[in-house]
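Please look over the sequence and the structure shown below before reading the report that follows.

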Amino acid sequence: TIMADRTGQQIGNYRLVRPLGRGAFAEVYLGEHRYLKSYAALKVLRTSVKDEDMERLLSEAQTLVHLIHPNVVRVLEFVVERGTPVLIMDYAPGGTARAHYARGSCLSLATTVSYIKQIAAALQYAHNSNIIHRDVKPENILLGSGQHILLSDFGIALLAPSPELLSTQDMAGTLPYTAPEQLRGRAVFASDQYALGIVAYEWLCGKRPFEGSSWEIMHAHVHAAPPPLRERYPELPIEVESVVLRALAKDPQERFVSVQAFARALERASSASKLDAFDQSEVTAPLRERSDSPFATFSDKTPRSIFLSASPADDAFAARLEADLEARGVPIVRGRDTSGGRDTSDSYREE
């Protein structure tokens, strides 16, 4: 359904100046503040709000307004105009990565790594806040000044009803980036990593791994292996290809333990240097950027035994981390005594 052009209308304190774009769930306008004469991007959703949904929408908008990160387009305000939700966001005049790099464009390895690192930083920040983006694609990646990257449309991820995923023709721009589990309605944090892996693949060789009709693309996401990157880009270091293809694993458990770990592994692989055991283990680096991790002080002569303690709520994540470390030959000492249910962390700390 095509919404009527709202140019000239007033929403909150903003007059809609001109359309900026149209997506699956919303249309975006450039808005000028009636008093301050400043500009913002107004995302007008294609759905009306029922009274029973208002509390949920307000709660989600309150979450969005607190997403403050150098690589995230900030939500400034949320209003409901005659039953229609509107997100008011920072305006990025630089435009989208898709506008800068048309379909078929190839970016250099260095540029790709720089961009992926910044997008991953934004996604990791959101994941640490328990938010899955769900719609990572070049149309939602904005270019600021210099090489600065901004990720937008977290609002759509939260506010758009997920059942619309497979019921709208407007998904044509999103479907090629959608993880297999998300197609089944079970998006997880690693789904964003998969989408970012598709973006990296496309930027490196100029083509997305899966093309065709909507159903062909969905079938390929679930069942087909991506064509090897080096078939299309023979000069690409094999280490880089391996990192990207791991991010595109069908099983989320087989991808990197975090989206930040994916970006770090891609950066290391881009040098095409042989990684020692310390570098290999650092793929499972902590989620947050700053860390007092003992990894930072390891040398080849340091015993690589890791103490791992997790609450029951984090068991799934801890199991993935443990498996990833043990696969790299790093011994694990667990913080809970599974035989008696006793937490042994204090005794280990004392030792």
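In which sense, left-handed or right-handed, does α6 pass α9? The model is a predicted one, and in it the crossing of α6 with α9 is left-handed. The axes of helix α6, which spans residues 189-205, and helix α9, which spans residues 238-247, come within 8 Å and cross at roughly 140°. On the side of α6 the contact is formed by Gln193, Tyr194, Gly197, Tyr201 and Leu204, while α9 contributes Val240, Val244 and Ala247. Sorted by character, the residues of this contact of α6 with α9 comprise six nonpolar and two polar ones, with no charged residue.

A second helix pair is formed by α3, residues 109-128, and α10, residues 259-269, whose axes come within 8 Å and cross at roughly 160°. Because angles over 145 degrees count as roughly antiparallel, α3 is roughly antiparallel to α10. The crossing of α3 and α10 is left-handed. From α3 the contact draws on Val113, Ile116, Lys117, Ala120, Leu123, Gln124 and His127, and from α10 on Val259, Gln260, Phe262, Ala263, Leu266 and Glu267. The residues of the contact of α3 with α10 fall into eight nonpolar, three polar and two charged.

The table sets out the two helix pairs.

| Helix pair | Axes come within | Crossing angle |
|---|---|---|
| α6 (189-205) and α9 (238-247) | 8 Å | roughly 140° |
| α3 (109-128) and α10 (259-269) | 8 Å | roughly 160° |

Turning to the strands, the model contains an open sheet of six strands in the order β1-β2-β3-β4-β6-β5, with antiparallel pairing. At the edges stand β1 (10-11) and β5 (75-81), and because each has a single partner strand, one side of each is left without a neighbour in the sheet. The partner of β1 is strand β2, residues 14-22, and these strands pair in the antiparallel sense over two bridges. Tyr14 in β2 is the bridge partner of Ile11.

There are also aromatic pairs to consider, and their count comes to three. One of them joins Tyr101 and Tyr115, whose ring centres are 6.3 Å apart and whose planes stand at 50°, so this pair is tilted. Tyr101 lies in the loop between α2 (97-100) and α3, whereas Tyr115 lies in helix α3, so the pair ties together parts that are 14 residues apart in sequence. Helix α3 thus appears both in this aromatic pair and in the contact with α10.

Definitions and conventions:
Residues are numbered from 1 along each chain as its sequence is written. This is a predicted model: local features need pLDDT of at least 70, side-chain atom pairs count only at pLDDT 80 or more; totals for chains, interfaces and linings use all residues. Side-chain values use heavy atoms; hydrogens and water are left out. Axes are lines fitted to C-alpha atoms, for helices over the stretch in contact, and angles run from 0 to 180 degrees between N-to-C directions. Helices (H or I, at least four residues) and strands (E, at least two) are DSSP runs, numbered from the N terminus. Angles under 35 degrees count as roughly parallel, over 145 as roughly antiparallel, 65 to 115 as roughly perpendicular and the rest as oblique. A crossing is left-handed if the near helix is turned anticlockwise from the far one by less than a right angle, and right-handed if clockwise. Contact means heavy atoms within 4.5 Å. Ala, Val, Leu, Ile, Met, Phe, Trp, Tyr, Cys and Pro count as nonpolar, Asp, Glu, Lys and Arg as charged, and the others, Gly among them, as polar. Two strands pair if DSSP finds at least two bridges between them. Rings of Phe, Tyr and Trp (its six-membered ring) pair if their centres lie within 6.5 Å; planes under 30 degrees apart count as stacked, over 60 as edge-to-face and the rest as tilted.
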